[in-house]
Amino acid sequence: MSVISLNCVASSSRHTLSSSCAPLRNYVTKAEKLKAARVAPKKVSTYVDPRFAPAPSDLKIDAMRASLYPDNSFDRKSVSPVGAHYPNVEEKVRAVIGSPEMYETIDRAWKLHRRIEMAKRRDSLEAQFRAMEEACDELDIITGGPEIPVSDASNDPKNYLKEKQLTGVAIYPRRLYNAAMVKPDSFAAPRLQGKKIPLEARWKEARLDGLIPREAWVPVDSKGKGWDYGWERPSEKE
Amino acid sequence: SSSIPPPLRASLILSRHPLIRRTPSTLELTYHAHSSALRRAISNPVPENVYFSKGSLAHRRFQKAEYEREKEAFGAAIAGTPPAVGDIPPERPLEILERDHWAKLDAERGERSLERHPDQEIFCLIKEKESKKWEFPTRTLKENDSLHTAAEQITGVGGILDGQTMDTWLVTKKPVGLTQKDGQRTFYLRSHILGGEPKLSSSGPWSDLAWLNLSELEERLKAQGDEPLWDGVKAIFGVPKIPTSELGFDEASLEV
């Protein structure tokens with residue numbers, strides 16, 4: 001067995017050791033073994049580009065399985081979906097980023113831009129809300145002032161805090177405030193019954209109070225038609 | 001001291017929503033391209049043998065398109081040689097219109113056009129014949145009127161803007177803003193136009209109508225001497241009293 005191994009070692013190290021230095025003994029020292037191992041040629045990479053890998057079978061499921069669970073899943077150049085890259089990933093990243101300073105500058109510029117944009121949006125929303133609040137508060141005050149709940153003299157828990165009292169002086173009727181502050185109930189209106197419902201009534205019924213109508217659409221990048229100037233109010237045509 | 005209070009007025013801020021998404025700035029477009037290229041660089045290779053049959057038309061189209069995308073992201077050197085796909089029959093061409101295509105077609109209507117500024121919200125102003133001043137459509141409240149019924153008399157059938165040819169939606173009955181002048185209060189309500197267009201009657205006190213974006217609206221009100229009106233109303237459009245600082249935060253709030 002040792003003779004066979006000697007021959008193997010000798011043959012593998014043939015190209016590294018010159019014939020003039022060939023040992024005359026029939027054994028290999030430990031140092032020579034280590035040296036042979038160190039200067040042994042690197043194994044050729046068995047990485048196969050997945051785009052051109054021949055599928056072992058025609059079944060798509062096998063191709064998917066080979067793609068998701070490759071044999072060399074822990075290899076850096078593996079095609080595993082978790083952490084796999086193209087072989088020239090570093091070159092590509094360098095082409096996009098350039099230097100670390102360049103990348104940091106771009107990142108900071110974007111974050112600054114976003115901070116300013118979000119601050120503007122926040123201030124804009126705050127201004128709109130404050131305007132709404134002031135208008136509603138003013139309407140409240142001029143129609144009798146803020147309401148405060150008053151507890152009933154009796155100890156009936158059902159009446160507790162149900163009575164309301166106006167605290168201000170009304171310049172305009174209170175119904176203006178009540179009409180403005182009514183909470184819309186989308187499904188309060190009863191469904192129209194009957195066989196022949198006029199078109200206008202049906203159209204009005206579809207406009208649910210408090211909900212955005214379906215004719216108000218989200219802005220899109222491309223609209224295949226212009227504004228509908230020829231819109232006609234639904235009515236029964238004679 | 002028992003004087004009759006002046007009647008309230010209801011003004012309508014009638015607007016058309018933006019029709020197309022807002023135009024991104026050069027910084028945004030450049031950053032998106034950079035970010036997409038970086039994502040492409042660190043992403044997984046596409047397993048083409050899973051998604052395509054080798055040599056099929058779809059596969060060749062994909063390879064050609066993918067080469068173009070790689071070239072755009074990393075340059076010709078890294079993209080390498082173009083794939084040998086041979087002749088590919090062209091796909092059905094997409095008709096790509098310009099962003100202001102409809103606005104250009106409707107240019108003859110001028111300021112009455114509802115295609116103006118398609119990526120922004122535009123607001124309705126009407127011009128009085130006598131004073132020749134531009135104002136929001138307003139109605140004084142009569143007895144038994146509430147704010148939203150007055151607004152409906154502006155946009156409803158037979159109203160100031162003739163609702164017969166116009167489809168509008170009142171956002172809410174609550175007022176969104178308030179201005180006061182000599183003891184008279186004007187409450188503002190918001191409404192959106194969904195279809196058709198408003199028509200002013202020739203016998204009425206208004207001569208003209210315009211759909212203006214925010215900057216045009218500010219300019220027009222200031223040009224006719226209505227700067228206090230603009231200051232009172234600008235919060236409804238989201239223009240804060242103190243403009244946002246350049247850095248996006250209040251420097252004084254930082255602890256030194």
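**Pairing of strand β7(B) and an interchain helix contact**

Strand β6 (residues 177-181) of chain B pairs with β7(B) in the antiparallel sense over 5 bridges, where pairing requires that DSSP finds at least two bridges between two strands, and where helices (H or I, at least four residues) and strands (E, at least two) are DSSP runs numbered from the N terminus. The model is predicted, so that local features need pLDDT of at least 70 and side-chain atom pairs count only at pLDDT 80 or more, whereas totals for chains, interfaces and linings use all residues. Residues are numbered from 1 along each chain as its sequence is written, chains are lettered from A and ligands numbered from 1 in the order in which they are written, and side-chain values use heavy atoms, with hydrogens and water left out.

Within the β6(B)-β7(B) pair, B:Gly177 stands opposite B:Tyr188; the two strands form a hairpin with 2 residues between them, and B:Asp182 in the turn has a positive phi of about 55°. Strand β5 (residues 166-170) of chain B is joined to β7(B) by 5 bridges and runs antiparallel to it, with B:Thr168 partnered by B:Ile193. Strand β1 (residues 9-16) of chain B, in contrast, pairs with β7(B) in the parallel sense over 7 bridges.

Between the chains, helix α4 (residues 89-97) of chain A and helix α1 (residues 26-42) of chain B pack at an angle of about 170°, with their axes 9 Å apart (axes are lines fitted to C-alpha atoms, for helices over the stretch in contact, and angles run from 0 to 180 degrees between N-to-C directions). The two helices are therefore roughly antiparallel, a term applied to angles over 145 degrees.

Terms used: Angles under 35 degrees count as roughly parallel, over 145 as roughly antiparallel, 65 to 115 as roughly perpendicular and the rest as oblique.
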